[in-house]
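Trainee: Please take one part of this predicted model and go through it closely. I would like to hear about the largest pocket and what surrounds it.

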Amino acid sequence: MLDIRLIRDNPGLMKERLATRGGELLAAMVDEVLALDGHRRTAETDLQKLQADRNRISKEIGLAKKQGQDTSAIEAEVRGIGDRIEQIGRDAEALDVKQRDLLLSIPNLPHDACPVGDSAEQNPEVRIWSQKPAFDFPVKDHVALGAQHGLFDFEAGAKITGSAFVVYRGQGAKLERALINFLLDLHSTHHGYMEVSPPLLVKSDCLVGTTQLPKFGDQVYHATEDDLYLIPTAEVPVTNLHREEIVKLEQLPIRYAAYTPCFRREAGAAGLGTRGLIRMHQFDKVELVKITTPESSIDELEKLTRDAEKSLQILGLHYRVIELCTGDIGFGSAKTYDIEVWAPGQNSYLEVSSCSNFGDYQARRMNLRYKDEKGKNRFCHTINGSGTALARLYVALLETYQRADGSIEIPAALVPYFGADRIG
RNA sequence: GGUGAGGUGGCUGAGUGGUCGAAAGCGACGGUUUGCUAAAUCGUUGUAGGAUGUAAAGUCUUACCGAGGGUUCGAAUCCCUCCCUCACCGCCA
């Protein structure tokens, strides 16, 4: 959520910066929120004047009654004020809700350091790690490799749940577990993140905090009976761990690493358009989350991205890092790096991590603050990124380490977790 | 799920429907005293809005005592609903 005061003071600049995201609607939304803000404040001022009157007169009634005077005339007068308070109060409340709703659906300002561009084609490549692996035999994709070794079973997933759900089996299930443990150990033991294991169901407030609601509600599974939502990413429960808190300056930066399954409806992506494990309704992910001061968030995003990259480096996978331009960054993000791992069987790069600095956008929505050196409460900055998404990492791993006979080599770092150095 | 007890400021803990944003204590911060520490003593000490102000400061004002409704001229205090915590019972991985 943007600061209404910034918008009030600098509407032109706000519109200009939002315009780099593309879409003509944003300028109109800024105008609308400004108009609402004016009306809201007028209503609020009127309301407060009446409340002040009522408070004053009610006190007088109290005093008069103590002296045994008759107060029925004044009481009737105050009753009239009460009615007006109720009316104007309702208006003010309605305007306030409207303003907040509108503010919630205006995206974040791109950071000054975010490259300007219209679409994904203009995303600059930041760096690239190692080279594409070369094969002297025809490569198979992970679906074929999985079938050969019985690693996972799409039919079984479809039978018990539906399409785009999968059952991992045998060594396939164990490889998944090995990757989870490897990633968690890497980030907790070696990169200093605190491991957390959060609930997979959350309240709607949490989704508002991390921006999935109100705009993207059709992407999350909703357990209506209890009004709880299945998390689409660990970002949601973990960032919200500190919602409505004032954390101490010494605690920052707070760093968490969490493994969770993630649930996404992928509504609108008819048929999902992909084969195999690349886009599922449920997938595993190890997520990194940071809560920082405004001064350090840019730097902490760089570090978090490097921490995520490290997992691919250790596993010996080829990848590239691209930076998203203003036309392509997510709704709440001010600056984002995507990490894309090479998958030989797809002959393409797969996004395995998206590392974003949200500035104070999420913190303002969830009222997450810290006390600065002067004892003043300020909004924190929040950062998160996958470290990394498991299913696609799994795809890259199988396809990169396949041999001519279809057997799969396990990278050395994973052997202790997997308990063998090959599949097949 | 049932019964009972609770939810008040950073913490502990008072609060008869009417100057209660809230006693007291602790803590924290500042001053005085003091050879240092300690002690003593005085003072300050919530948050978010609105109005005024070029801005800061200041001044005025509103809301907030788990959440949301209600009664009343007036609610921390009375009523209703919900949530959470604790204890016991029931059920259960």
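Mentor: What follows covers the largest pocket, then the second largest pocket, and then the largest nonpolar core. The model is predicted. The largest pocket holds about 1,300 Å³ of space. Its lining is made of 40 residues, and Thr-233, Glu-235, Arg-264, Glu-351 and Ser-354 are the closest to the centre. By class, the lining of the largest pocket has 15 nonpolar, 15 polar and 10 charged residues. Strand S13 contributes the most to this lining, with 5 residues. At least two residues each also come from S10, S12, strand S16 (381-389) and H12.

The second largest pocket has a volume of about 390 Å³. Among its 13 lining residues, Met-1, Asp-3, Ile-4, Leu-103 and Arg-364 lie nearest the centre. Helix H4 supplies the largest share of that lining, 4 residues, and helix H1 (4-9) supplies at least two. The lining of the second largest pocket divides into 5 nonpolar, 1 polar and 7 charged residues.

Some of the elements around the largest pocket also serve the largest nonpolar core, which has 49 residues. Strand S10 (282-292), strand S12 (335-343), strand S13 (348-357) and helix H12 (390-400) are among the elements that each give at least two residues to this core. H12 gives the most, with 8 residues. Leu-175 and Leu-317 have the most contacts inside the core. Leu-175 touches, among others, Tyr-394, Leu-397 and Leu-398, and also Ile-410, Leu-414, Phe-418 and Ile-423. A second, separate core has 37 residues, including Leu-2, Met-29, Ile-57 and Tyr-361.

Technical notes: Residues are numbered from 1 along each chain as its sequence is written. Chains are lettered from A and ligands numbered from 1 in the order in which they are written. This is a predicted model: local features need pLDDT of at least 70, side-chain atom pairs count only at pLDDT 80 or more; totals for chains, interfaces and linings use all residues. Side-chain values use heavy atoms; hydrogens and water are left out. A nonpolar core is a set of buried Ala, Val, Leu, Ile, Met, Phe, Trp, Tyr and Cys residues joined through side-chain atoms within 4.5 Å. Buried means under 20% relative accessible area, exposed over 50%, partly exposed in between (1.4 Å probe, protein chains only). Contact means heavy atoms within 4.5 Å. On a 1 Å grid over the protein atoms alone, a cavity is a set of points where a 1.4 Å probe fits but cannot get out, and a pocket is an open set with protein on both sides within 12 Å along at least five of seven lines; lining residues have an atom within 4 Å of a point. Grid points are joined across faces, edges and corners, and a volume is the space filled by probe spheres set on the points. Ala, Val, Leu, Ile, Met, Phe, Trp, Tyr, Cys and Pro count as nonpolar, Asp, Glu, Lys and Arg as charged, and the others, Gly among them, as polar. Lists of a residue's contacts leave out its neighbours within four places in sequence.
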